[in-house]
Amino acid sequence: MDFRSSIFFGFYLTRADIRHSHVSLLIGMGFSAVDIAGRMGHESIDITLHYAHMFPSAQKDMADKLNEERVW
């Protein structure tokens, strides 16, 4: 049986829609993929990393941090 809800302006949301939205919100709030994987019960972090495109600033943030530390 598929769970459906019409709570959102007449659009039907499935359980998968709600889970994807939840993950998206957690990413936007700055939680790590490891933390999100644990919360969502993903068997592997690889499942969570399907959302990697939603971490757009992560690469820039890492590069900026390395430049600040001047580790080279």
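This is a short presentation on the fold, the buried core and a few individual residues of one predicted protein model.

Good morning, colleagues. Let me begin with the overall layout. The protein contains 4 helices and 2 strands. Following the sequence from its start, one meets these elements in the order β-β-α-α-α-α. Of the 72 residues in the protein, 17% are buried. The exposed surface comes to about 6,000 Å², and carbon and sulfur atoms account for 60% of it. As for contacts between residues at least 6 apart in sequence, 18% of them join residues that are at least 24 apart.

I turn now to the interior. Which residues form the largest nonpolar core? There are 6 of them: Val-23, Leu-26, Ile-27, Ile-36, Met-40 and Tyr-51. Two elements, helix 1 and helix 2, each give two or more residues to this core. Helix 1 makes the largest contribution, with 3 residues. Tyr-51 deserves a word of its own. Apart from neighbours within four places in sequence, Tyr-51 is in contact with His-20, Val-23 and Ile-27. Two of these partners, Val-23 and Ile-27, are themselves listed in the core.

Helix 2, which spans residues 33-40, merits a closer look. Its buried residues are Ala-33, Ile-36, Ala-37 and Met-40. Why do they lie on the same side of helix 2? They do so because they cover an arc of only 100° around the axis. The cover over these buried residues includes helix 1 and helix 3. On the face turned away from the buried side, helix 2 carries the exposed residues Val-34, Gly-38 and Arg-39.

Asp-35 also belongs to helix 2. Its relative accessibility is 47%, so Asp-35 counts as partly exposed. Along the chain, Asp-35 and Ile-45 are 10 residues apart, and their C-alpha atoms are separated by 9.5 Å.

What follows helix 2? The next residue is Gly-41, which has a positive phi, near 75°. His-42 then sits in the loop between helix 2 and helix 3, the latter covering residues 45-48. Is His-42 buried or exposed? With a relative accessibility of 18%, His-42 counts as buried, because the limit for a buried residue is under 20%. Leaving out neighbours within four places in sequence, the contacts of His-42 are Arg-19, Ala-37, Ile-47 and Thr-48. One of these, Ala-37, was named a moment ago among the buried residues of helix 2.

Finally, let us consider the surface. Leu-25, Met-29 and Phe-31 together make a nonpolar surface patch of about 340 Å². Where is Phe-31 found? Phe-31 is in the loop that connects helix 1, residues 15-28, with helix 2. At 39% relative accessibility, Phe-31 counts as partly exposed.

To close, I would recall two points. The largest nonpolar core draws two or more residues from each of helix 1 and helix 2. Helix 2 has its buried residues on the same side, while Val-34, Gly-38 and Arg-39 are on the face turned away from that side. Thank you for your attention.

Definitions and conventions: Residues are numbered from 1 along each chain as its sequence is written. This is a predicted model: local features need pLDDT of at least 70, side-chain atom pairs count only at pLDDT 80 or more; totals for chains, interfaces and linings use all residues. Side-chain values use heavy atoms; hydrogens and water are left out. Patches are made of residues with over 30% relative accessible area and no salt bridge: like charges are joined within 9 Å, nonpolar side chains (Val, Leu, Ile, Met, Phe, Trp, Tyr) within 5 Å. Accessible areas come from the Shrake-Rupley method with a 1.4 Å probe; for residues, only the protein chains shown count as cover. A salt bridge is a side-chain nitrogen of Lys or Arg within 4 Å of a carboxyl oxygen of Asp or Glu. Buried means under 20% relative accessible area, exposed over 50%, partly exposed in between (1.4 Å probe, protein chains only). Contact means heavy atoms within 4.5 Å. A nonpolar core is a set of buried Ala, Val, Leu, Ile, Met, Phe, Trp, Tyr and Cys residues joined through side-chain atoms within 4.5 Å. The arc is that of the directions from the helix axis to the C-beta atoms.
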